[in-house]
Amino acid sequence: MTVGPVDYAERYLSEPGAVGLFTRLTRVGLLVDAFQHRCLDGFGLLFIDYSVLRVLELIGPPYRMSPTELAEIVVRSSGGMTQILDRLERAGLVARAPDPDDRRRVVVELTADGLRTADDANATYRREREHLLAELSDDEVGQLDAAVGRLLEVLTDAAQESGGASFANSSAISRDASS
């Protein structure tokens, strides 16, 4: 009796239980990353850059927030946030300014170009997501969203318990940023 060739990739991706779940989640993460690059590279944005612009856009006029608040929401260290803001400022998409309520603090504001770029990138990203997910029913999208949301809660709790990054407001904003 001859057995056909073993499909090792299929075997790897179909492992049951937590090992298989994390393998598939990692694979999904890599594919989502590639998808985000295809959507945002034309705007000269990394996904984290887009996330910062989107958070500032979501809060509404005057599109302003402290770097610390932004770092918490997009889950970055203060040093990482500084690098992101430096890059966005060089591109003319954000500006740092004294906090009008407390001159000792700095706030980050979207520029007119930043708002326009955020709007354009968001329209492209939304259109491409809708195209990508067209094969899924609304019920399937809802089920996936609920399951991923629950997993995000578990992972966030675990990160907080282990002294990881602060995620105080990140889950609420990240859901909004995906729209």
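Buried residues account for 29% of the 179 residues in this protein. Keep in mind that what you're looking at is a predicted model. On the outside, the protein exposes about 11600 Å², with carbon and sulfur atoms supplying 56% of that area.

**Overall layout**

The fold has eight helices and three strands. Reading from the N terminus, the elements go α-α-α-β-α-α-β-β-α-α-α. As for how the chain meets itself, take the contacts between residues at least 6 apart in sequence: 53% of them join residues at least 24 apart.

**The core**

The largest nonpolar core holds 26 residues. Which of them touch the most other members? That would be Leu-45, Val-52, Leu-53, Leu-56, Leu-70, Met-81 and Leu-88. Several elements chip in at least two residues each: helix H2 (17-40), H3, H4, H5, strand S3 (102-110) and helix H6 (112-132). Helix H3 gives the largest share, six residues.

Leu-45 is worth a click in your viewer. Setting aside its neighbours within four places in sequence, Leu-45 is in contact with Leu-40, Tyr-50, Leu-53, Leu-88, Leu-93, Thr-117 and Ala-121. Two of those partners, Leu-53 and Leu-88, also appear among the core residues that touch the most other members.

**Backbone oddities**

Now for the backbone, with the loops first. Between helix H3 (47-58) and strand S1 (64-65) there is a loop that contains Pro-62, and Tyr-63 lies in that loop too. The peptide bond from Pro-61 to Pro-62 is cis, with omega near 10 degrees. Right after it, Tyr-63 shows a positive phi of about 55 degrees despite not being a glycine.

Further along, the loop between helix H4 (67-74) and helix H5 (78-90) holds Val-75. Val-75 is another non-glycine residue with a positive phi, about 55 degrees. Is Val-75 buried, exposed or partly exposed? Its relative accessibility is 27%, so Val-75 counts as partly exposed.

Here are the two positive-phi residues together:

| Residue | Phi | Loop |
|---|---|---|
| Tyr-63 | about 55 degrees | between H3 and S1 |
| Val-75 | about 55 degrees | between H4 and H5 |

The helices next to these loops tie back to the core: H3, H4 and H5 are among the elements that each supply at least two of its residues.

Notes:
Residues numbered from 1 in each chain as written. Predicted model: local features only at pLDDT ≥ 70, side-chain atom pairs only at ≥ 80, totals over all residues. Heavy atoms only, no water. Helix = DSSP H or I, 4+ residues; strand = E, 2+ residues; numbered from the N terminus. Buried < 20%, exposed > 50% of the residue type's maximum accessible area, 1.4 Å probe, protein only. Contact = heavy atoms within 4.5 Å. Areas by Shrake-Rupley, 256 points an atom, 1.4 Å probe, with all protein chains shown as cover. Core = buried A, V, L, I, M, F, W, Y, C linked by side-chain atoms within 4.5 Å.
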